[in-house]
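User: Hi! I'm new to this one and would love a quick tour. Could you walk me through it?

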Number of protein chains: 2
Amino acid sequence: MSGDLAAIEAALAAGEAGFIQELMAFCRIPSVSADPAYRDGIAEAARFVAGRLERAGFDDVAIVPTGGHPVVTGGWCRAPGAPTVLVYGHYDVQPPDPLERWTSPPFEPTLRDDRLYARGISDDKGPLLIPILAAEAWLRQHGSLPVNLKFLIEGEEESGSPHFEAAVAALAEELACDLVVSADGAMWRADLPSVTVASRGMTALDVIVHSAAKDLHSGRHGGSAPNPVRALVRLLASLHEEDGKVAVEGFHDGIVPPDPAIVEAIDAVDFDARAYFEGIGAPAPEPLPAGRDLLIRQWLEPTLEFNGISGGYAGAGTKTVIPSQAQAKITCRLVAGQDPAAVREAIRRHLQARLPSGYRLETVEHGPGSPAFALDPDDRGLRMTQDILGELLGRRPLRVAMGATIPIGAVFRSRLGAPTVFFSFSTSDEDYHAPNEFFRLANFRLGLVAWARLIDRLKELKGHG
Amino acid sequence: MSGDLAAIEAALAAGEAGFIQELMAFCRIPSVSADPAYRDGIAEAARFVAGRLERAGFDDVAIVPTGGHPVVTGGWCRAPGAPTVLVYGHYDVQPPDPLERWTSPPFEPTLRDDRLYARGISDDKGPLLIPILAAEAWLRQHGSLPVNLKFLIEGEEESGSPHFEAAVAALAEELACDLVVSADGAMWRADLPSVTVASRGMTALDVIVHSAAKDLHSGRHGGSAPNPVRALVRLLASLHEEDGKVAVEGFHDGIVPPDPAIVEAIDAVDFDARAYFEGIGAPAPEPLPAGRDLLIRQWLEPTLEFNGISGGYAGAGTKTVIPSQAQAKITCRLVAGQDPAAVREAIRRHLQARLPSGYRLETVEHGPGSPAFALDPDDRGLRMTQDILGELLGRRPLRVAMGATIPIGAVFRSRLGAPTVFFSFSTSDEDYHAPNEFFRLANFRLGLVAWARLIDRLKELKGHG
């Protein structure tokens with residue numbers, strides 16, 4: 001390790017208390033992208049990120065409008081001839097509900113057992129702050145960076161990034177780079193170093209069944225009036241086979257076999273099915289599925305998942321009403337070869353064909369969706385991130401897939417011609433789409449050191465891509 | 001018509017503006033019985049009713065505690081040897097949600113087109129105020145009533161009256177009477193005079209499917225984790241045949257054939273199926289059912305109705321979550337011969353038998369439920385109410401059944417040995433379990449006159465029952 005790097009790492013360690021205060025301030029901003037009620041929080045978070053980049057020493061920092069929430073850009077590009085790397089992250093967060101299940105308020109970061117609890121702290125505010133702080137330490141210590149470093153921080157990741165691809169296309173010249181390093185993503189397990197080389201795609205569809213023009217009294221009208229909940233549950237129940245496989249014609253069209261390297265990794269990991277169900281607190285099904293099969297279902301098979309269902313009365317006690325509509329929120333995780341728009345259309349067609357007479361079906365789309373992503377196994381950036389984690393953790397990381405969706409991989413490949421590697425220090429058990437989201441401070445510290453080293457190592461990227 | 005009665009009716013007409021102000025004040029009280037958040041509104045409404053009875057001239061007015069919300073009682077019993085009649089009503093109301101669909105706020109009564117809009121105004125605050133005002137006019141004009149008149153006003157009708165039967169049993173001596181006249185209920189159609197001689201029973205059951213201990217990220221866990229919405233929709237879809245008939249074994253046990261008089265009434269009414277679906281604003285199913293069949297399904301067949309379904313995210317946009325639980329609120333309308341407890345148990349058994357492995361089923365009951373009710377076709381009180389409506393409306397009312405449930409009929413028969421007739425001036429199209437509930441002021445005026453006459457006529461009841 002060079003003397004420079006040692007001094008940078010020492011400065012990062014010395015600054016920790018202040019960094020945690022900054023992270024807490026960032027997490028106090030309720031930047032929920034999915035719900036228009038949080039518009040002010042989105043704007044405030046974008047300003048926070050832009051201000052932080054400027055303070056770190058980046059040039060040309062800008063809050064750039066898109067068709068939706070803005071992206072924040074900035075860069076340090078004073079190393080002509082050196083490689084150029086684009087860091088990606090997002091400043092928006094998931095909705096906080098159900099609020100009553102949070103131990104401490106979602107937008108009041110709270111420290112317990114060396115973990116900070118707050119909505120968005122693991123996904124992605126903590127991991128995003130790390131490269132900014134590491135680059136700042138480099139610039140303070142050294143007055144320069146060994147590579148050209150750009151930032152692109154979006155505000156709609158938790159809403160399916162509906163305007164992201166257009167924004168990247170519009171900014172393609174400004175964002176040109178040899179490699180994208182994502183500060184979003186997550187390590188698979190806290191006890192097992194890993195790098196992510198593939199992720200599932202996603203597409204979303206709301207399904208709404210309408211019947212009467214208004215809610216009706218179930219005494220007067222029960223038996224003669226249509227009940228949209230009854231129609232909806234029949235429709236939804238038809239979407240899966242009894243074993244959970246998706247039963248929609250055309251849903252699986254175009255699927256290509258998975259990279260065998262990922263299947264090998266699955267075989268190498270002794271995934272414990274019983275421990276999995278214990279971990280999520282669910283009764284283990286009987287017969288118990290093989291652990292290998294569970295992991296294949298998480299990483300390499302598509303899903304059609306109900307994220308929410310609603311209609312009629314949901315309060316205390318009873319309300320004898322026949323609802324006028326009922327709806328479900330559906331998202332599908334896609335594997336390589338599936339086309340998001342074709343999947344939505346297959347579902348819509350399936351439901352419309354089964355809609356009973358006397359009801360009206362409405363479907364609502366949320367952006368174009370994202371195809372699945374897979375990284376070239378020989379990618380140089382990928383090897384660098386593996387090397388650094390191996391040095392710091394004493395164990396070479398596995399190459400794993402992820403069930404979750406990071407649509408950026410496909411966007412950066414098509415719009416910038418650059419590969420994307422994931423270098424995030426959140427862990428996928430940190431409840432980032434559930435109450436009581438947290439971030440391990442040990443990984444915050446680890447990430448600062450790792451990013452300081454990655455910035456150093458990236459100079460070797462020259463000729464990459 | 002006697003001179004007394006003419007003077008009373010003139011006084012009622014002269015007092016109208018003040019009565020409407022009183023009704024508005026009553027409806028400003030948010031007395032929602034199903035939701036504990038409205039506890040203060042319940043207490044205030046009970047005090048309002050008790051105060052109004054005292055002011056009208058009734059003795060021994062009391063707010064009597066029960067296992068739940070209190071009942072209000074009072075009476076004028078200074079006519080020894082004359083018949084005794086108990087007036088029934090309720091001061092509680094349905095929950096007001098969905099709030100965003102109200103044109104004017106639910107607890108701010110608003111006049112539009114000779115209709116007053118407010119939650120609970122048609123069910124049952126308007127109809128309940130009528131007999132109090134009519135009796136008050138009698139007492140002011142005449143200093144006495146021709147019969148002994150008692151009141152019993154409950155506060156849990158919209159929650160299935162879970163403590164009502166016990167309260168009536170405990171107060172049986174005080175409530176002893178020859179006839180009960182209910183100010184609750186509703187005329188079937190605004191354009192067709194009718195009296196109700198039978199009503200369906202009801203029972204309620206919440207069904208909750210649990211899986212993981214907390215909400216999960218649908219990216220990481222999708223495919224391997226159980227989704228309780230998926231299990232719930234399969235369970236609920238199994239409860240009906242495709243044609244809407246209930247598919248639960250044991251559900252129809254004990255059903256006895258309906259009173260042929262009601263079927264004759266159905267045949268006499270030319271129920272227009274197309275107009276029915278137009279009226280509720282729903283697409284007409286194809287093929288269109290016969291109008292007669294729709295009315296039979298409303299009045300004489302049992303239902304299993306979904307009043308609400310919920311689970312996971314229901315906000316704007318998308319949230320990629322696998323919910324930890326999902327639930328549905330079910331009520332069944334029962335016909336003669338069905339046992340409410342046996343129906344609940346049949347549903348529970350049906351669902352438990354079909355629950356997939358890996359989930360836990362919870363059911364929540366809301367009181368004992370109510371069996372169906374049917375009045376003796378030769379009842380004297382029934383003939384009186386028919387006579388009065390015939391005089392006032394120029395057309396003898398039909399005897400109809402009602403799909404809705406008024407559990408009091410069975411309770412008063414078993415606990416007081418008295419029959420119950422319905423003499424309510426709300427109409428069943430007044431959206432009383434939906435947004436924008438209203439009450440026709442024309443029927444408020446009609447009801448005041450009709451009740452003044454009924455109080456006069458009831459003296460002929462002597463020897464009844």
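User: Is Cys332(B) buried or exposed?
Analyst: Cys332(B) is buried, at a relative accessible area of 1%; buried means under 20%, exposed over 50% and partly exposed in between, using a 1.4 Å probe and protein chains only. Keep in mind that this is a predicted model, where local features need pLDDT of at least 70, side-chain atom pairs count only at pLDDT 80 or more, and totals for chains, interfaces and linings use all residues. Residues are numbered from 1 along each chain as its sequence is written, chains are lettered from A and ligands numbered from 1 in the order in which they are written, and side-chain values use heavy atoms, with hydrogens and water left out.

User: And how many disulfides are there over all chains?
Analyst: The count is 0 over all chains, where a disulfide is a pair of cysteine sulfur atoms within 2.5 Å.

User: Why no bond for Cys77(B)?
Analyst: Its closest cysteine sulfur, in Cys177(B), is 10 Å away, which is too far for a bond. Cys77(B) is partly exposed, at 42% relative accessibility.

User: Switching to helices: how do α10 and α11 of chain A cross?
Analyst: The axes of α10 (residues 273–280) and α11 (residues 291–299) of chain A come within 8 Å and cross at roughly 55°. That makes α10(A) oblique to α11(A). Here, angles under 35 degrees are roughly parallel, over 145 roughly antiparallel, 65 to 115 roughly perpendicular, and the rest oblique. The axes are lines fitted to C-alpha atoms over the stretch in contact, with angles from 0 to 180 degrees between N-to-C directions. Helices are DSSP runs (H or I, at least four residues), strands are E runs of at least two, and both are numbered from the N terminus.

User: Which residues meet there?
Analyst: Ala273(A), Tyr276(A) and Phe277(A) in α10(A) meet Gly291(A), Leu294(A) and Gln298(A) in α11(A), with contact meaning heavy atoms within 4.5 Å.

User: What about Gln386(A), where does it lie?
Analyst: Gln386(A) lies in helix α13 (residues 380–393) of chain A and is buried, at 4% relative accessibility. Leaving out residues up to four places away in sequence, Gln386(A) touches Val195(A), Arg396(A), Pro397(A) and Arg399(A).

User: Any backbone oddities? Which peptide bond is cis with omega near 0°?
Analyst: That is the one from Asp97(A) to Pro98(A). Pro98(A) is in the loop between β3 (84–90) and β4 (110–112) of chain A. The bond from Asp123(A) to Asp124(A) is also cis, with omega near 15°, and Asp124(A) lies in helix α4 (residues 121–142) of chain A.
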